[in-house]
Amino acid sequence: MANLNGGIIGVDNIPVDNGQDEIITTFNSSGTLTTGAQTTAVSYLVIAGGAGGGGSAGGGGGAGGYLESTTNQFGVSASTDYSITVGAGGAGEGLAHGMGADGSNSVFSSITSTGGGGGAGWEAVGRAGGSGGGVGGRNGQANGAGGGDASPSGQGNDGGDRGGGGANAVCGGGGGGSAGAVGGDSRNDGAGAYRWGGHGGNGSASSITGSSVTRAGGGGGGGDTASHAGSGGSGGGGQGTGSNPQSSVAGTTNTGSGGGGAGFLDAGYVTAVGAKAGGSGVVIVKEPAIVDLQNTSGVWTMNAVYTAVLEGNWT
């Protein structure tokens, strides 16, 4: 009998991977996620809709709430449908005293990101939200106050406050809060008045899709009279309105960024360019690759050995 001793023991037993590839699903609008047959845990990024800017030296809109987990530890069930809600951006307000509308919530399973807080209108305070809206112009707040709170905590940052001058003094709108920073306070125009709008807070970067993308920037505050507006925060925040032709800008779609606040142009409380809307949110879910090797080399069942011997392949 040949090959009683020596030689290679056993046939080549090539491993077979019965797992699944990584799956990344991006929802720019509401829909349904159906998990893979072997998916039991995922990573996610859930951003709510950004808020609109406020009217007449209005505050910038706050960014939508920003929640992310990248450790593939959020438990799900395999081959199961999950409803996904992508929050809309809030409308901007063009009226003198009007508030920007809050953004809408985004939802994946038990994860809910809260819509951004609307930017304040004339003489008002910013609204609370995932990130807070900026304070409104010529408000009665003390220096360092008036921006909307980030609520619930852990999803963003507060809106910008009155930068100086004291209660009821000339004042531009504060910048909207963002995923990455507090909104900027109204700024000194160089002559002692804080008529310049505050800058929107900068957004946060995520690499859940494989490339780094910054989202959820705050909207810039509008300027009081002929003055500079705040810029939008990185990640899609909209610029506020300042001296013509500087016009407010909407938050970028599917970033959850805040819209820019309106400017104040004359004593009749007339806003030539109204505030702009916040950007809609986004939901991204990443299902990790599953490795499931079968028939690993060096391990054989008795049936496999018997078959190999019969076929003359066992050496």
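Helices and strands are here DSSP runs, of at least four residues for a helix (H or I) and at least two for a strand (E), numbered from the N terminus. On that basis, the protein chain of this predicted model contains one helix and 12 strands. Read from the N terminus, the order of elements is β-β-β-β-β-β-β-β-β-β-β-β-α.

Of the 315 residues in the protein chain, 49% are buried. The accessible surface amounts to about 12700 Å², and carbon and sulfur atoms account for 50% of it. When contacts between residues at least 6 apart in sequence are considered, 62% of them link residues at least 24 apart.

Part of the strand content forms an open sheet of four strands, arranged in the order β2-β11-β4-β5 with antiparallel pairing. Strands β2 (23-27) and β5 (66-75) occupy the edges; each has a single partner strand, so one side of each lacks a neighbour in the sheet. On average, neighbouring strands of this sheet are turned by 10° against each other, direction ignored. The partner of β2 is strand β11 (residues 282-287), to which β2 is joined by five bridges in an antiparallel arrangement. Within this pair, Thr-25 is placed opposite Val-285 in β11.

Elsewhere in the chain, strand β9 (residues 204-206) includes Ser-204. Is this residue, Ser-204, buried or exposed? Ser-204 counts as buried because its relative accessibility is 17%, and the cut-off for buried is under 20%. Beyond its neighbours within four places in sequence, Ser-204 contacts Tyr-66, Ala-179, Gly-180, Val-213, Thr-214 and Arg-215. With regard to Ala-179, its backbone oxygen lies 3.4 Å from a polar atom of the Ser-204 side chain.

Technical notes:
Residues numbered from 1 in each chain as written. Predicted model: local features only at pLDDT ≥ 70, side-chain atom pairs only at ≥ 80, totals over all residues. Heavy atoms only, no water. Buried < 20%, exposed > 50% of the residue type's maximum accessible area, 1.4 Å probe, protein only. Contact = heavy atoms within 4.5 Å. Areas by Shrake-Rupley, 256 points an atom, 1.4 Å probe, with all protein chains shown as cover. Polar contact = N/O pair within 3.5 Å; in protein donor to acceptor, adjacent residues only side chain to side chain. Pairing = 2+ DSSP bridges. Axes fitted to C-alpha atoms, helices over the stretch in contact; angles between N-to-C directions.
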